[in-house]
Amino acid sequence: MATLLQTNFWALYDIAKDTPLHTLLLVLNTTVICAVAFIYAIVWFLAPLPRAPLDSEKKYITTSLDGSTTAPRSLPCWHDEWLAHRNGQPSKLQPGSDAPKVNTGINEAEVEMSVVIPAYNEEQRIEIMLEEALAFLDKEYGRLPRKLNSASTKQSKGIGGYEIIIVDDGSKDKTVEVALGFSRRNSLHDILRICRLRENRGKGGAVTHGFRHVRGAYAMFADADGASKFEDLRKLVVGCDEVADVSERGIAVGSRAHMVGTEAVVKRSALRNALMHSFHLLLRLLTPPATSRIRDTQCGFKLFSRAALPHIVPYMHAEGWIFDVEMLMLAESAPAGQVTPGISKKGISVAEVAIGWKEIEGSKLNVVWASLGMAWGLAILRAGWMLGVYKRR
């Protein structure tokens, strides 16, 4: 075999030596172009393209004052307004409502905090998480927004009030019924809203769908299992404000990196820890600089300022577990914004904030298959953006 390869090599060398230079360059350029085109075609074929939401998925149900379940109501959708604003189409905003701002392309907030909870077959765990969230949100923001004076910031921070949007990702159990029961017992009429996806889309698809409909000055998503300490949302808000630019674009992500070496991590299986470290290595190799420096990209506890959303949500493609990474990559590649008057910086800054976290039983995650899926998803995602299969426009 070695002799055959050596013979072929010298035969090719003799051919190349006798071929004019311009012909060699032409062959080389053609080979490179064909190779790039072939790789582009493969990535284009494999890259996921999320389906458009159905009309029924743009509606929500909640509980009424008499305890009954309401008929489906239309969800406000800043994303549709953003698309109309970008494409120069007439706005569909209702008379008297605020028009999208030119600097962000998103309408004013109606409440201070929007909490999006993706849920798939979570009837056993979601109520405990909601109880913890409700205790904090009631105390921190109150249920109704306050009147703002003219000195209030343009993204309505400090307005008070909150909403909880549960995106039921095609659950087969009683997740929706449990959430409605919680709403009745706690009088969360029209504060807790449930949007049902007809088919399971994945955590990323559910979060992205929910974020298209948030009304808050801040929007965060939290896992339905309640593993993250919900009151640490206060830390995320502080972190987000600290890194926000002049246009109030900022992101804060919960991090469990400080827990490496603690009992919560040590008790995990050797396989799970090995896969975790391998994935982190892959992230450092395949993601751009700012994203690669984030030590915990996968924690399901992230906060976005309202002004940051139009630079991220409309361009999301990943619907599986790797969606967190795409969000951070989009933040890093966002258009430059003023950090201080006269000083601009490309991208949206991200604060990584240590939070409390605990392992919760009942996970439906298959660690091995999820890890392989995330590795594959990350490779396709990175290739899609690098080769121009995915674009901002």
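Is Phe 211 buried or exposed? Phe 211 is buried, because its relative accessible area is 0%, and the cut-off for buried is under 20%. Keep this residue in mind. The model you are looking at is predicted.

Start with the whole chain. The protein chain has 393 residues, and buried residues make up 47% of them. Its secondary structure comes to 12 helices and 11 strands. Now look at contacts between residues at least 6 apart in sequence. Of these, 77% join residues at least 24 apart.

Next, find the sheet. It is open and has 7 strands. Read across it and the order is S5-S4-S3-S6-S8-S7-S11. The pairing is mixed. Which strands stand at the edges? They are S5 and strand S11 (350-354). Each has a single partner strand, so one side of each is left without a neighbour in the sheet. From one strand to the next, the twist averages 20 degrees.

Helices lie against this sheet. Helix H4 (residues 126-141) packs on it and touches strand S3 (111-119), S4, S5 and strand S6 (216-222). The direction of H4 makes about 160 degrees with that of S4. Helix H7 (residues 233-243) lies across S3, S6, S7, S8 and S11. H7 runs at about 40 degrees to S8.

Go to the S5 end of the sheet. Strand S4 (residues 162-168) and S5 run parallel, joined by 5 bridges. Within this pairing, Ile 165 stands opposite Arg 193 in S5. How do you get from S4 to S5? Trace S4, helix H5 (residues 175-185) and S5, and you have a right-handed β-α-β unit. Strand S5 (residues 192-196) is an edge strand, yet S5 is mostly covered, with 4 of its 5 residues buried.

Now move along to S7 and S8. Strand S7 (residues 251-255) pairs with S8 in the antiparallel sense, over 3 bridges. Here Ile 251 stands opposite Phe 304 in S8. Phe 304 counts as buried because its relative accessibility is 2%, and buried means under 20%.

Phe 304 brings us back to Phe 211. By the ring-pairing rule, the count comes to 8 aromatic pairs. Phe 211 and Phe 304 form one that is edge-to-face. Their ring centres are 5.4 Å apart, with 80 degrees between the planes. The angle counts as edge-to-face because the cut-off is over 60 degrees. This pair links distant parts of the chain. Phe 211 belongs to helix H6 (residues 203-211), Phe 304 to strand S8 (residues 301-305), and they are 93 residues apart.

Look at H6 itself. How many of its 9 residues are buried? The count is 9 of 9. Among them are Lys 203, Thr 208 and His 209, along with Phe 211. An α-helix has 3.6 residues a turn, so residues three or four places apart point the same way. In H6, burial takes in 9 of the 9 residues.

Other rings deserve a look. Ring pairs link Phe 136, Tyr 141, Phe 230 and Phe 301 into a cluster. Two arginines also lie over ring faces. Arg 256 lies over the face of Trp 357, at 5.3 Å from the ring centre. Arg 392 lies over the face of Tyr 315, at 4.9 Å from the ring centre.

Notes. Residues are numbered from 1 along each chain as its sequence is written. This is a predicted model: local features need pLDDT of at least 70, side-chain atom pairs count only at pLDDT 80 or more; totals for chains, interfaces and linings use all residues. Side-chain values use heavy atoms; hydrogens and water are left out. Rings of Phe, Tyr and Trp (its six-membered ring) pair if their centres lie within 6.5 Å; planes under 30 degrees apart count as stacked, over 60 as edge-to-face and the rest as tilted. Helices (H or I, at least four residues) and strands (E, at least two) are DSSP runs, numbered from the N terminus. Buried means under 20% relative accessible area, exposed over 50%, partly exposed in between (1.4 Å probe, protein chains only). A charge sits over a ring if NZ of Lys or CZ of Arg is within 6 Å of the ring centre and within 35 degrees of the ring normal. Two strands pair if DSSP finds at least two bridges between them. A crossover is right-handed if, with the strands pointing away from the viewer, the path from the first strand over the helix to the second runs clockwise. Axes are lines fitted to C-alpha atoms, for helices over the stretch in contact, and angles run from 0 to 180 degrees between N-to-C directions. Contact means heavy atoms within 4.5 Å.
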